[in-house]
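Visitor: I have the sequence and the model open. Could you show me how to read it?

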Amino acid sequence: MREAYVQGLVQRRVKYRIDLDREMPIEAWVARYGSEVAKTLEERWGATFCPSGVLPTLGLLLVHWRGGHLLADVSLCAPVSHPSPPPAALRAPVRRIDICVEPVAPLVPPAGYVTLHTPGVKMLGRITLRRNYAVVKHRGLLFVTAASYSPEERGGVALRLAWYLCHSYDVGKAFRKIRAVLRSRAW
């Protein structure tokens, strides 16, 4: 599995190229190797994988970051991609499959929050606070997660980062929302 950063729908994404030993239909490959790919992505990203039943989306990656979660869509990006390809395309034999991991914005309320106490937000890494969100640069990608913050009496900041449970999501809405948050300059 080769890894590369490429331009995605909204920003950069990580593409994993998998060359197959023999031609195989995409549906059959996902059924046979999907759990293995999920386990590999969980290990590489330090994340939890939430499978999806609708191709080309393979699932949601909940990337563990400082007790909270950063969300990323995991989808097929070649030879088929979003929006939903015709069913015949998923049954066509292929020699190579590309899987892409691209950050998305949360569409559901968080399951909870973790509170971090820090003298300054920048001490946590590349993070920018926006209204109700934190934009976090992690592994070269910009992630968005629900967040709130307040000053502490003894100095510093109390930052509340969201954590999520596995859930279904609308890929198009998640990409539109992350685009809006990334373009926003509002506090």
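**A buried charge and a sheet**

Guide: Start with Arg130. This is a predicted model, and in it Arg130 is buried yet has no salt bridge. The nearest side chain of opposite charge is Glu102, 15 Å away.

Visitor: Where does Arg130 sit in the fold?

Guide: Arg130 belongs to strand E8, residues 127–130.

Visitor: Which backbone oxygen lies 2.6 Å from a polar atom of the Arg130 side chain?

Guide: That of Val181. Val181 falls within helix H3, residues 171–183. Helix H3 lies across E4, E5 and E6, and runs at about 45 degrees to E6.

Visitor: Now the sheet. What holds strands together in general?

Guide: Strands of a sheet pair through backbone hydrogen bonds, either parallel or antiparallel. Here 6 strands form an open sheet, and the pairing is antiparallel. Read the order as E1-E2-E6-E5-E4-E3.

Visitor: Which strands stand at the edges?

Guide: Strand E1 (2–7) and strand E3 (47–51). Each has a single partner strand, so one side of each is left without a neighbour in the sheet. From one strand to the next, the twist averages 30 degrees.

Visitor: How many bridges join E2 to E6?

Guide: There are 8 between strand E2 (residues 12–25) and strand E6 (residues 93–103). To find the register, look at Ile18, which stands opposite Ile97 in E6.

Visitor: What about the E3 side of the sheet?

Guide: E3 and E4 form a hairpin with 5 residues between them. They are joined by 5 bridges, and Cys50 stands opposite Leu60 in E4. E4 then pairs with E5 through 8 bridges. There, Leu61 has Ala72 in E5 as its bridge partner. This second hairpin has 2 residues between the strands, and Arg66 takes a positive phi near 55 degrees.

Visitor: Is E4 mostly covered or mostly open?

Guide: Mostly covered: 8 of its 9 residues are buried. Helix H1 (residues 26–45) lies across E4, as well as E1, E2, E3, E5 and E6. Helix H1 runs at about 140 degrees to E2.

Visitor: And the start of the chain: what does Met1 touch?

Guide: Met1 sits in the segment before E1. Leaving out residues up to four places away in sequence, Met1 touches Tyr16, Arg17, Ile18, Thr40 and Arg44. The C-alpha atoms of Met1 and Arg17 are separated by 5.6 Å, though these residues are 16 apart along the chain. Met1 is still partly exposed, with a relative accessible area of 43%.

Notes
Residues numbered from 1 in each chain as written. Predicted model: local features only at pLDDT ≥ 70, side-chain atom pairs only at ≥ 80, totals over all residues. Heavy atoms only, no water. Pairing = 2+ DSSP bridges. Helix = DSSP H or I, 4+ residues; strand = E, 2+ residues; numbered from the N terminus. Axes fitted to C-alpha atoms, helices over the stretch in contact; angles between N-to-C directions. Contact = heavy atoms within 4.5 Å. Buried < 20%, exposed > 50% of the residue type's maximum accessible area, 1.4 Å probe, protein only. Lys, Arg positive; Asp, Glu negative; His and termini not counted. Salt bridge = Lys/Arg side-chain N within 4 Å of Asp/Glu carboxyl O. Polar contact = N/O pair within 3.5 Å; in protein donor to acceptor, adjacent residues only side chain to side chain.
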